[in-house]
Every structure is written in structure tokens, then in C-alpha cells.
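I opened this notebook page to record what I looked up in one structure. The entries run from the whole chain to single residues.

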Amino acid sequence: MKISMIVAYGKNWEIGLNNQMLWHISEDFKNFKTITSGHHILMGRKTFESIGKPLPNRTSIVLSNSGFEHEGVHTFNDVQKAFDFARQAGEEELFIIGGANIYETLFPYVDKMYLSEVDYEGEADAYLKEIDFSSWDLAEQKDYEAVTLYDEVKSPAWKFKVWVKKD
Ligand SMILES: NC(=O)c1ccc[n+]([C@@H]2O[C@H](COP(=O)([O-])OP(=O)(O)OC[C@H]3O[C@@H](n4cnc5c(N)ncnc54)[C@H](OP(=O)(O)O)[C@@H]3O)[C@@H](O)[C@H]2O)c1
């Protein structure tokens, strides 16, 4: 089973504030939905609470040590047990979807990264650990313009990049 991570981050590696996202980019949300649909998605308890419900057409796995439970969600207190659960269900690509704590802990297991680099700088309390891209190959890139309405930026520009770990 391949382990992938999907994340959107700002210019200073910021990913969240007050357990919320920092921007609303509808094209990025659509992209996230397309990429993760039909797969197991693995997240920390705080990210699940920020989303609030299991995402449709995906199997939600939540990591928690505090006894968290929620209908429609599979909770584990052990990373390997969570991986085994997905593997035994026949998953071929498991997606790590956040947040900061989970990205950092599980980064050594990641084979493929789907990154949205957002042209945004601002206050945050959740960050991605800086990635050293020297051990990764860029497999795909698409650049998106900012969305403006009456000269006001409604959503920032962003670059979508797929990186595959070098052998
Ligand atoms: N920009 C993006 O793409 C993106 C994506 C996702 C999330 N985010 C943002 O990230 C922020 C949340 O990140 P966060 O770091 O605060 O929280 P988090 O990683 O979502 O969740 C942390 C929680 O996960 C559980 N956990 C972590 N490691 C574990 C392990 N090894 N075994 C068992 N349980 C484990 C613990 O839950 P218990 O306390 O229950 O034990 C821990 O408190 C929010 O602001 C959110 O909006 C951004």
C-alpha cells in the first residue's frame, strides 16, 4: 500500500489557525475531493473535529489517544494498526490529510505528496515542517491564478505539485 500525503500550505509553511483552514480555494477543495475519493483518509483527532463529519465516498480513519469516538469513523491509537486496517481492506493508496501533528509524525512513511503551495502569508498556529525536496522528484505541476472580484482577491493564487520519493 502506497502512503500519500495531501496538504495546502502558505509561504511560511502555515496550514491552519484556530483549528480552521487559512483560505478558501474552491478549486483546491474540488481537487482534494477528486484525489481522495474512494480511498482511506487518515487524520488526527483535531483535524477530524475541524471537518466535523466523515467525508463522503471515503473511509475516515482518526488517530487519537484520548478515547475519541464518532459514528462512521474508525479510531486507532496506534499508527501501525491504522495502516493495517486500510491495508487489510485492500487499500492501494492511503491519504494522510493532516493536521500538523500527524504530517510531522507520519512524514517518514510518505511515498507521494500532493502539495498545494498557496500564495498566502498570515497569522497561523499550525505549520508544516519545512520539506527538503532534494529526495523527491516532481511528477506533476499546475499553476492557478488568484480569483478576483471587483479588484478584490477572493482566493489566492496557488501551485499544485505532485512529488514522488526518490528510490
Ligand atoms: N492546510 C491543510 O491542508 C490542512 C489539512 C489538515 C489540517 N489542517 C489544519 O491543521 C490544524 C490541526 O493540526 P494539529 O496538529 O493541531 O492537530 P491534528 O494533527 O489534526 O490532531 C492531533 C491529535 O491527533 C492525535 N494523535 C496525533 N498523533 C497520534 C498518534 N501517534 N497516535 C494516536 N493519536 C495521535 C491526538 O489526539 P488526542 O488528543 O485525541 O489524543 C492529537 O491531539 C488545524 O488548524 C487544521 O485546520 C490544515
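The entries below concern a predicted model.

**Entry 1. The whole chain.** I began with the secondary structure and found 4 helices and 12 strands in the chain. I then checked the radius of gyration: for 167 residues a compact globule would have a value near 15 Å, and the 16 Å of the chain agrees with this. Along its principal axes, the C-alpha trace spans about 50 × 35 × 25 Å. Of the 167 residues, 44% are buried. I also looked up the contacts between residues at least 6 apart in sequence, and 64% of these join residues at least 24 apart.

**Entry 2. Surface and charge.** I noted an accessible surface of about 9,500 Å² for the chain, with 46% of it belonging to carbon and sulfur atoms. The chain carries 27 negative and 18 positive side chains, and I recorded 3 Å between the centres of the two sets.

**Entry 3. Helix α1.** Which residues of α1 (residues 26–36) are buried? I listed Asp 28, Asn 31, Phe 32, Ile 35 and Thr 36. Viewed down the axis of α1, the buried residues fall within an arc of 110 degrees, so they line one face of the helix. On the face turned away from this buried side I found the exposed residues Lys 30 and Thr 34. I next asked what covers the buried residues of α1. The cover includes the strands β1 (2–9), β3 (40–44), β6 (93–96), β7 (112–118) and β12 (158–165). Just after α1, I noted that Gly 38 has a positive phi of about 85 degrees.

**Entry 4. A cis peptide bond.** I found a cis peptide bond between Gly 98 and Gly 99, with omega about 0 degrees. Gly 99 is placed in the loop between β6 and α4 (100–106).

**Entry 5. The loop between β10 and β11.** I looked up Tyr 150, which lies in the loop between β10 (147–149) and β11. Tyr 150 is not a glycine, yet its phi is positive, at about 50 degrees. Its relative accessibility is 78%, so I entered Tyr 150 as exposed. Asp 151 is found in the loop between β10 and β11. Asp 151 is likewise not a glycine and has a positive phi of about 70 degrees. I entered Asp 151 as exposed because its relative accessibility is 80%.

**Entry 6. Ser 155.** Is Ser 155 buried or exposed? With 8% relative accessibility, Ser 155 counts as buried. I placed Ser 155 in strand β11 (residues 152–155). Leaving aside residues up to four places away in sequence, I recorded that Ser 155 touches His 24, Ile 25, Ala 146 and Val 147.

Key: Residues are numbered from 1 along each chain as its sequence is written. Side-chain values use heavy atoms; hydrogens and water are left out. Helices (H or I, at least four residues) and strands (E, at least two) are DSSP runs, numbered from the N terminus. The radius of gyration is taken over C-alpha atoms; the globule rule is 2.2 Å times the number of residues to the power 0.38. Buried means under 20% relative accessible area, exposed over 50%, partly exposed in between (1.4 Å probe, protein chains only). Contact means heavy atoms within 4.5 Å. Accessible areas come from the Shrake-Rupley method with a 1.4 Å probe; for residues, only the protein chains shown count as cover. Lys and Arg count as positive and Asp and Glu as negative; His and the chain ends are not counted. The place of a charge is taken as NZ of Lys, CZ of Arg, CG of Asp or CD of Glu. The arc is that of the directions from the helix axis to the C-beta atoms.
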